[in-house]
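Biologist: I am new to this structure and would like to learn how to read its features. Could you walk me through it?

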Amino acid sequence: MAQENFSQVTEFILLGFSDTQELQLLFFVLFLLAYAIVLLGNLLIIVTVRTDPKLSSPMYFLLCNLSFIDICYTSVTIPRALVARLSGHRAIAFEGCMAQLFFLHFMGSSEMFLLTVMAFDRYTAICRPLHYTAIMAQGACWALVTACWVGGFIHSIVQTVLMLQLPFCGPNTIHSYFCDVPPVIRLACADTILTEWLMASNSGLISLGCFLVLVASYALILAKVRAHLSQGHWKALSTCASHVMAVTLLFMPCIFTYLRPAGTLPASKYVCVIYTIFSPMMNPLIYTLRSSEMKESMWRLWKRCRA
């Protein structure tokens, strides 16, 4: 009955990183540059993979899906932050905040599952090469990618439903540039200890579980490469090295942010930049610069465009 007297918050104020005009301009330029790199880099990967028949292996099919997720993932947060900086309007409706939270976790968890599938693909290619074609057949690839999207959807639905159960009646300022579980849950007018632990078990354990699976798969790959020091295996190991870089950029900040209750450290709003902006921005560079096939295909695409 007490909750009926609450005045429900209808909007939140996203404070961003700083109120200083010069710093706001700096962050705007950096965010705009990062978003341009994400869009152009990942679109280039998608177009290259889709137009070059030589890039028809499961690895490039999964990479194409990763690029699509990265575009969607960054588009959930960065465009609104840029518009808010230009317009000076920092408010976001309660419904818009919940929608942003939903799609952020939908895309983010789907990417984690997809990176796990990509590690499985590399493990199969290196450790079970004779069975690779059968295991990673086209139908299996589509099934694995679908499972990543479904898993991300279920995870995000759970997060959003838990948030919608909370009453918001007091402070409505969020010390970040987007709506996420840790900063929003601290504004609830209720005891959120149980909800915080449920969310930490959901997001945090998913991040940690996928990361441990990835570490185990790469450990097995490393053991295989050390036992068979051939040129082909070293090439595969080079590919895996780029995957490890992408995994580290995404998973470590997520584990730091979500595998604990929402009573966060002050630096957490800066840590979120790593997995929401820096990781998607670096993925095109990591996967293209470490792959000679991708670079050759992009060069062929460039020559066709100039012809």
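Modeller: Gladly; we will go through the sheet, the cores, one helix residue and the cysteines. Please keep in mind that this is a predicted model.

Biologist: Let's begin with the sheet. How many strands form it, and in what order?

Modeller: When you read a sheet, look for the order of its strands and the way they pair. Here 3 strands make an open sheet, ordered 2-1-3, with mixed pairing. Strand 2 (91-93) and strand 3 (173-174) are the edge strands, since each pairs on one side only.

Biologist: How many bridges join strand 1 to strand 2?

Modeller: Strand 1 (residues 11-14) and strand 2 run antiparallel and are joined by 3 bridges. To find one of them, start at E11 and look for its bridge partner in strand 2, A93.

Biologist: And which helix packs on the sheet?

Modeller: That is helix 4 (residues 94-127), which touches strand 1, strand 2 and strand 3. The direction of helix 4 makes about 85° with that of strand 2.

Biologist: Now the interior. Which residues have the most contacts inside the largest nonpolar core?

Modeller: They are F31, L62, L114, Y177, F251 and M294, in a core of 68 residues. Helix 4 gives the largest share of this core, 12 residues. There is also a second, separate core of 19 residues, which includes C97, F168, C179 and I185.

Biologist: What does M294 touch, leaving aside its neighbours within four places in sequence?

Modeller: Its contacts are I45, T48, V49, L55, Y60, L63, Y287 and T288.

Biologist: I also noticed S297. Is S297 buried or exposed?

Modeller: The way to decide is to compare the relative accessible area with a cut-off: under 20% is buried. S297 has a relative accessible area of 1%, so it is buried. You will find S297 in helix 11 (residues 292-306). Not counting residues up to four places away in sequence, S297 touches T48, D52 and L55.

Biologist: On to the cysteines. How many disulfides does the structure hold?

Modeller: It holds 2 disulfides. A disulfide is read from the distance between two cysteine sulfur atoms, which must be within 2.5 Å. C97 and C179 form one, with their sulfur atoms 2.1 Å apart. C97 lies in helix 4 and C179 in the loop between strand 3 and helix 7 (181-185), so this pair ties together parts 82 residues apart in sequence. C97 is buried at 0% relative accessibility, and C179 is buried with a relative accessible area of 0%.

Biologist: What about the pair C169 and C189?

Modeller: That disulfide has an S to S distance of 2.0 Å. The torsion about its S-S bond is about -130°, so the disulfide is left-handed. C169 sits in the loop between helix 6 (138-164) and strand 3, while C189 is in the loop between helix 7 and helix 8 (193-227), so the pair ties together parts 20 residues apart in sequence. C169 counts as partly exposed, at 25% relative accessibility.

Biologist: If I number the bonded cysteines in sequence order, what is the pairing?

Modeller: The pairing is 1-3, 2-4.

Biologist: Last one: why is there no bond from C148 to C210?

Modeller: Apply the distance test again: the C148 sulfur is 8.7 Å from that of C210, the closest cysteine sulfur, and this is too far for a bond. C148 is buried at 4% relative accessibility, and C210 is buried with a relative accessible area of 8%.

Notes: Residues numbered from 1 in each chain as written. Predicted model: local features only at pLDDT ≥ 70, side-chain atom pairs only at ≥ 80, totals over all residues. Heavy atoms only, no water. Pairing = 2+ DSSP bridges. Helix = DSSP H or I, 4+ residues; strand = E, 2+ residues; numbered from the N terminus. Contact = heavy atoms within 4.5 Å. Axes fitted to C-alpha atoms, helices over the stretch in contact; angles between N-to-C directions. Buried < 20%, exposed > 50% of the residue type's maximum accessible area, 1.4 Å probe, protein only. Core = buried A, V, L, I, M, F, W, Y, C linked by side-chain atoms within 4.5 Å.
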